[in-house]
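Please look over the sequence and the model shown here, and keep both in view while reading. The paragraphs that follow begin at a single residue and work outward from there.

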Amino acid sequence: MNKIQKSTKAARGTVTCDNTTMHLLKANDFVAESIRKQMAKQNILMINITSSAGSGKTTLLQETARRIGDQVKMKILVGDLETERDADRLREAGADALQIVTGGICHLEAQMIWQAMDSMNLDGVDLLIVENVGNLVCPASFDLGEDYRVTLIATTEGDDKPKKYPRMFLTSEMMLVSKVDLLPYLPFSVDAVVADARDINPDIKVLEVSSTQNTGIEEWCNWLLEKVKEKKEANNEVVA
Ligand SMILES: Nc1nc2c(ncn2[C@@H]2O[C@H](COP(=O)(O)OP(=O)(O)O)[C@@H](O)[C@H]2O)c(=O)[nH]1
Ligand SMILES: [Mg+2]
């Protein structure tokens, strides 16, 4: 998928303005392509997990590490403005996690991943998961060189978000509707959120998950394992 072509051209509304961010993103896209080539060389599946702050990314990854940590060699890179808290939580769950502290930047950029790769031993790694900074806006514009972008939308956020933040859903291959255990208590329609997301991106795959009640976690982990396998098979075909 070419994420560069999926950028918004201009700001609209009652006032229309030019969007100069497009030009700044060219350098990012160049580094992202280098990362993509490196991951292909090393047979590593790379996943970029995005969402608003607090939608359940780290909790999901803790469960993921507990479930499939012994089936695939996995590393997790996690981005936040400050603290190592998420990396600490992931390490407690047995994951090999590294924290990127952006110091105020509201998204991860490809050059941050490129620099972090210097501090990581990626030999034999099957799966690199990046937990992006919690934000449905800026991370949508920054390709990190990932194979798949997965966006969580929590039931606590309201079901109107895909149409308000369309680029994130347009550039994601998968939407995880998270915290579905809370559905009985919230005015949130899964059907409405899926319809809006598919209106923006008809191909988006959807899974409903609850990390606290173990709903959909097995399907999520099976999807990851399948994609790891597919990437290895595709690369072996290229080599052969
Ligand atoms: N009820 C419920 N709470 C959850 C679930 N997943 C995460 N949480 C809670 O939501 C809060 C934010 O979760 P966290 O994983 O830190 O979100 P992140 O900021 O996206 O990484 C924490 O208090 C979690 O315990 C879930 O599936 N159900
Ligand atoms: Mg987190």
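Lysine 179 counts as buried because it has 26 C-beta neighbours inside 10 Å; a residue is called buried if 20 or more other C-beta atoms lie within 10 Å of its own, exposed if 12 or fewer, and partly exposed in between, with C-beta atoms placed from the backbone. The model is a predicted one, in which local features need pLDDT of at least 70 and side-chain atom pairs count only at pLDDT 80 or more, while totals for chains, interfaces and linings use all residues. Residues are numbered from 1 along each chain as its sequence is written, and chains are lettered from A and ligands numbered from 1 in the order in which they are written.

Lysine 179 lies in the loop between β8 and α7, where helices (H or I, at least four residues) and strands (E, at least two) are DSSP runs numbered from the N terminus. Although lysine 179 is not a glycine, it has a positive phi of about 60 degrees. Lys179 also belongs to the surroundings of ligand 1, for among the 16 residues around that ligand, Gly56, Lys57, Thr58, Thr59 and Lys179 come nearest; a residue is near a molecule or strand if its C-beta atom, placed from the backbone, lies within 6 Å of it. The largest share of this shell, three residues, comes from helix α2, which covers residues 57–68. Sorted by class, the shell around ligand 1 has two nonpolar, eleven polar and three charged residues, where Ala, Val, Leu, Ile, Met, Phe, Trp, Tyr, Cys and Pro count as nonpolar, Asp, Glu, Lys and Arg as charged, and the others, Gly among them, as polar.

Asparagine 43, likewise not a glycine, has a positive phi of about 60 degrees, and it is found in the loop between α1 (21–41) and β3. With 17 other C-beta atoms within 10 Å, asparagine 43 is partly exposed.

From these loops the view can widen to the sheet. It is an open sheet of seven strands in the order β5-β4-β6-β3-β7-β8-β9, with parallel pairing; two strands pair if DSSP finds at least two bridges between them. The strands β5 and β9 (205–208) stand at the edges, each with a single partner strand, so one side of each is left without a neighbour in the sheet. From one strand to the next, the twist averages 20 degrees, an angle that, like the others given here, runs from 0 to 180 degrees between N-to-C directions, with axes being lines fitted to C-alpha atoms, for helices over the stretch in contact.

Strand β3 (residues 45–50) has six of its six residues buried, so it is largely enclosed by the rest of the structure. Both of its faces are covered, with Leu45, Ile47 and Ile49 buried on one side and Met46, Asn48 and Thr50 buried on the other. Strand β3 pairs in the parallel sense with strand β6 (residues 127–131) over five bridges, and there isoleucine 49 stands opposite glutamate 131. With strand β7 (residues 148–154), β3 forms a parallel pair over four bridges, where isoleucine 47 stands opposite tyrosine 148.

Towards one edge, strand β4 (residues 74–80) and strand β5 (residues 96–101) pair in the parallel sense over six bridges. The chain passes from β4 through helix α3 (residues 85–92) to β5 in a right-handed β-α-β crossover, meaning that, with the strands pointing away from the viewer, the path from the first strand over the helix to the second runs clockwise.

Towards the other edge, β7 pairs in the parallel sense with strand β8 (residues 174–178) over five bridges, and β8 is mostly covered, with four of its five residues buried. Strands β8 and β9 run parallel and are joined by four bridges, with leucine 176 opposite leucine 207 in β9. The chain crosses from β8 through α7 to β9, and this β-α-β crossover, too, is right-handed.

Helix α2 lies across β3, β4, β6, β7 and β8, running at about 160 degrees to β6. Isoleucine 217, in helix α8 (residues 217–239), touches Glu63, Arg67, Val209 and Ser211, not counting residues up to four places away in sequence; two residues are in contact if their C-beta atoms, placed from the backbone, lie within 7 Å. Isoleucine 217 is partly exposed, with 19 other C-beta atoms within 10 Å.
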